[in-house]
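Student: I would like to learn how to read a model like this one feature by feature. Could we take the general idea each time, and then the case at hand?

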Amino acid sequence: MNDLAALDAVQLNFSPATLTALNVVLAVIMFGVALDLTTRDFRRVLTMPRAFVVGLTAQFLLLPAATTLLVFALRPPPSIALGMFLVASCPGGTISNFLTSYARGNTALSVSMSAVSSLAAIVMTPLSLTFWSSLYPPSAALLTDIALDPLGVVVVVLLVLAVPLLVGLATRSRLPRLAQRLYSPFRLASAIFFFGFVGLALHANWTTFVAHVTDIAILVIAHNVVAFCSGYGLASLARLAPYDRRAVTMEVGIQNSGLGLVLIFDFFDGLGGTAIIAAMWGIWHIVAGFTVAQWWRGRALPATTAPA
C-alpha cells in the first residue's frame with residue numbers, strides 16, 4: 001500500500017470540456033434506462049416489499065458498512081479509501097437490469113431497485129459518503145480538507161440522475177412508440193460513450209495508471225467481491241426466493257461508478273486514487289457481473305419460482 005500513497009497527491013488530467021462530457025454521458029445513460037421503465041415498475045415495489053426492502057438495505061447500509069470493515073482491514077491511503085467509500089455510496093449500476101435478466105433473476109425487482117435507488121441517491125449518496133468516510137480517520141481528514149459540499153452533491157445527482165430519469169419516464173408514458181424506437185440505440189450509444197470516456201481517461205493518465213494498476217486491481221476486485229457477497233448474503237439470510245436473490249446480488253454488486261466519477265471530478269478535483277478506483281470499478285464490475293450471470297444462467301431455478 002505504500003506505493004499507492006503517492007496517489008493522494010496526484011490529480012488526474014481532465015479538461016473542463018471532458019468533465020462536461022462525462023456529465024452529459026451519464027445523463028444520457030439514465031435517460032436511456034428510463035425509456036424502458038413505466039409507473040408499473042415502481043408499483044411493483046408494493047407487491048414485493050420484503051425483497052425490495054432487503055435489497056435497498058444491502059445497497060445503502062450493508063455495503064457501506066462492509067466497505068468500512070474492508071478499509072480498516074486493508075488500511076489503504078486516504079484517497080483510495082475515499083474512492084471505496086464513494087463507490088459504495090452510489091446507487092446500483094445501469095447494466096444491473098440486463099445482467100439480472102440474463103442470470104434468470106427477478107428483473108422486475110431489479111428494475112424497481114435501480115429506479116428507486118437512483119432517486120434515493122439524491123439524498124443517500126452524499127449522506128452515506130460523509131458518514132462512512134468520517135469513520136476512517138485518514139479519509140475523514142481528506143474529506144475535511146476538500147470541504148465537500150453536500151448540497152452541491154445533491155444538485156449534481158439531481159441533474160445527472162433524477163432529471164434524466166424523470167424525462168425518460170415521461171417520454172415512455174406520453175410517447176411510447178418513440179421510447180421503444182429510442183431505447184436500443186440509446187442503450188448501445190451510452191455503453192459506447194461510457195467505455196470510450198473511460199478509455200480516453202486512462203490514455204490521458206496512462207503513466208499513473210500503469211504504475212499502480214496491479215495494487216488498484218486487487219483492491220477493486222476484493223471490494224467488488226464484498227459487494228456481491230453483501231447482496232447475496234443478506235438476501236439469503238432474509239430467505240428470499242432464489243430468483244430474488246439473484247436480482248439483489250446484481251443490484252448490490254453492480255454500482256454506478258459513472259456517478260462516482262462525476263462527483264470525483266466535480267468535487268474532488270480529479271483526486272488520483274479516488275478516480276482510479278471508480279474507473280477500475282467501471283470496468284471490473286461488468287466483467288464480474290457477466291461471470292456471475294453466466295454461472296447462474298446455466299443453473300435452473302426451483303420449479304416453485306420463476307423470474308418475473
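Student: Which backbone nitrogen does a side-chain oxygen of Asn 256 reach at the start of H12?

Tutor: Before that, note that this is a predicted model, in which local features need pLDDT of at least 70 and side-chain atom pairs count only at pLDDT 80 or more, while totals for chains, interfaces and linings use all residues. Residues are numbered from 1 along each chain as its sequence is written, and side-chain values use heavy atoms, with hydrogens and water left out. Helices are DSSP runs of H or I with at least four residues, numbered from the N terminus. At the start of H12, a side-chain oxygen of Asn 256 comes to within 3.1 Å of the backbone nitrogen of Leu 259. After H12 comes Asp 269, which has a positive phi, near 55°.

Student: How many of the 11 residues of H12 are buried?

Tutor: Buried means under 20% relative accessible area, exposed means over 50%, and partly exposed lies in between (1.4 Å probe, protein chains only). In H12, which spans residues 257-267, 10 of the 11 residues are buried, so the helix is largely enclosed by the rest of the structure. Among them are Leu 259, Leu 261, Phe 265 and Phe 267.

Student: Is Pro 176, in helix H9, buried or partly exposed?

Tutor: Pro 176 is partly exposed, because its relative accessible area is 36%. By contrast, Ser 110, which has its place in helix H6, is buried, with a relative accessible area of 0%.

Student: With which side chain does the side chain of Ser 110 make a polar contact?

Tutor: A polar contact is a pair of N or O atoms within 3.5 Å; within protein, one must be able to donate a hydrogen and the other to accept it, and residues adjacent in sequence count only if both atoms are side-chain atoms. The side chain of Ser 110 makes such a contact with the side chain of Thr 100, at 3.3 Å.

Student: At what angle do H4 and H6 pack?

Tutor: Axes are lines fitted to C-alpha atoms, for helices over the stretch in contact, and angles run from 0 to 180 degrees between N-to-C directions. Helix H4 (residues 78-89) packs against helix H6 (residues 107-133) at about 145°, with the axes 9 Å apart. Taking contact as heavy atoms within 4.5 Å, the residues that meet include Leu 82 and Phe 85 in H4, and Leu 129 and Trp 132 in H6.

Terms used
Helices (H or I, at least four residues) and strands (E, at least two) are DSSP runs, numbered from the N terminus.
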